[in-house]
Amino acid sequence: LPKKIESVPSNSIIIIGHAYGSHEGSELRGNNTISPSIKNFYELNKENIDAIIFSGDVLKQPSLKKWNFFYSTFDKKIKIFIAPGNHDVGENNNSAFRNIFKIANHKDQFQKDFPFSVILNNQAFIIDDSNMSNYSLNKIFSLSAELKEFKSIFIIRHHILAKSLGSFGNSRDNSQMLKDNELKIKSKFSLNQNVTFIYGDGGAFKRLPRVACKKINNINHLVNGIGDTENDIVLVINNQDIFIKYLNK
């Protein structure tokens with residue numbers, strides 16, 4: 001597991017999965033917003049945060065008004081990116097939620113086609129949409145080839161690829177999951193790159209761990225998500241390293 005940190009270092013990138021929290025908690029909030037623990041964390045640490053990447057299921061039942069309210073939570077100087085989950089865009093290519101997502105003013109990724117790359121503090125990220133019915137990893141491999149000068153590359157998506165991590169996910173019916181021996185994708189990346197997939201479809205239920213990770217064929221796979229529990233965590237990326245930060249401690 002990544003190391004725990006007590007405070008967020010300056011110039012950090014935060015990765016947050018399942019931001020609407022537990023299903024029950026979201027219902028109590030009228031499905032209008034993200035977990036309040038995230039808001040509190042942000043207010044306490046925003047001077048040290050340069051960007052936040054949400055790894056899916058930001059809003060349980062999104063609308064254009066709710067997306068606008070979501071962005072109003074954060075200062076304009078903070079860069080925000082979203083690797084959407086099934087609750088954000090629906091489970092097919094032409095859902096009503098996807099149409100809403102497309103027209104919402106996602107200020108730092110407006111009108112970008114998934115997947116896309118972004119460089120934050122000299123660190124390379126690929127922001128993915130794992131909800132497309134014709135999903136393929138080939139575009140990720142192509143983008144990574146353009147980022148070969150970077151020592152590390154972080155691929156942020158919602159759905160879990162590694163079947164051996166499937167029991168740690170909120171959803172168990174993910175058709176994209178591959179057995180470990182099928183995840184022979186190291187050859188598709190630069191041999192000198194440290195590649196990490198970060199999945200946001202975790203942590204919604206108390207029975208699930210707050211974070212789970214595994215190295216498969218020299219590729220790192222990490223699952224994380226918020227569930228409105230006292231032990232909820234976010235991931236902090238700083239100088240190519242990943243850390244764990246408890247939201248409520």
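In Asn 45, the side chain reaches the backbone oxygen of Phe 41, at 2.8 Å. I start with that one contact and work outwards. Please keep in mind that this is a predicted model. Asn 45 belongs to helix H2. Is Asn 45 buried or exposed? Its relative accessibility is 14%, and since buried means under 20%, Asn 45 counts as buried.

Now the whole protein. How many helices and strands are there? The protein has six helices and twelve strands. Its radius of gyration is 17 Å, and the globule rule gives 18 Å for 249 residues; the two values are close, so the protein is as compact as a globular protein of that length. Along the principal axes, the C-alpha atoms fill a box of roughly 45 × 40 × 35 Å.

On burial, 57% of the 249 residues are buried. The protein exposes about 11300 Å², and 48% of that comes from carbon and sulfur atoms. As for contacts, take those with a separation of 6 or more: 71% of them are between residues 24 or more positions apart.

Next, the sheet. An open sheet is formed by six strands, and the order is E1-E12-E11-E2-E3-E4, with mixed pairing. Which strands sit at the edges? They are strand E1, residues 3-4, and E4, and each of them pairs on one side only. As a reminder, strands of a sheet pair through backbone hydrogen bonds, either parallel or antiparallel. E3 and E4 take the parallel sense, over four bridges. Within that pair, Ile 52 has Ile 80 in E4 as its bridge partner.

Ile 52 brings us to the core. The largest nonpolar core has 29 residues, and those touching the most other members are Ile 14, Ile 16, Ile 52, Phe 54, Val 58, Trp 67 and Phe 70. Which elements give two or more residues to this core? They are strand E2 (12-16), helix H2 (36-45), E3, H3, strand E4 (79-82) and strand E11 (233-238). So H2, the helix of Asn 45, is on that list. Phe 70 serves as an example of how the core is joined up. Leaving aside residues up to four places away in sequence, Phe 70 touches Ile 34, Phe 54, Val 58, Ile 80 and Ile 82. Apart from this core lies another one, of 25 residues, among them Ile 140, Leu 143, Met 177 and Ala 212.

Now a strand from another part of the chain, E10, residues 219-224. How many of its residues are buried? Six of the six are, so E10 is largely enclosed by the rest of the structure. Both faces are covered. On one side the buried residues are Ile 219, His 221 and Val 223, and on the other they are Asn 220, Leu 222 and Asn 224.

E10 has two partners to look at. With strand E8, residues 194-199, E10 pairs in the parallel sense over four bridges, and Tyr 199 stands opposite Val 223. With E9, E10 pairs in the antiparallel sense over six bridges, and here Cys 213 stands opposite Leu 222.

E9 and E10 also form a hairpin, with two residues between them. Asn 217 is in the turn, and its phi is positive, about 50°, in a residue other than glycine. What is the exposure of Asn 217? At 39% relative accessibility, Asn 217 counts as partly exposed.

A second residue with this feature is Asp 57. Asp 57 has a positive phi of about 55° and is not a glycine. Where is Asp 57 found? The residue is in the loop between strand E3 (49-54) and helix H3 (64-72). Its relative accessible area is 2%, so Asp 57 is buried, whereas Asn 217 is partly exposed.

One more backbone detail before I stop. The peptide bond joining Phe 114 and Pro 115 is cis, with omega about -15°. Pro 115 is in the loop between helix H5 (96-103) and strand E5 (116-120).

Definitions and conventions
Residues numbered from 1 in each chain as written. Predicted model: local features only at pLDDT ≥ 70, side-chain atom pairs only at ≥ 80, totals over all residues. Heavy atoms only, no water. Buried < 20%, exposed > 50% of the residue type's maximum accessible area, 1.4 Å probe, protein only. Core = buried A, V, L, I, M, F, W, Y, C linked by side-chain atoms within 4.5 Å. Contact = heavy atoms within 4.5 Å. Polar contact = N/O pair within 3.5 Å; in protein donor to acceptor, adjacent residues only side chain to side chain. Pairing = 2+ DSSP bridges. Rg over C-alpha atoms; globule rule 2.2 N^0.38 Å. Areas by Shrake-Rupley, 256 points an atom, 1.4 Å probe, with all protein chains shown as cover.
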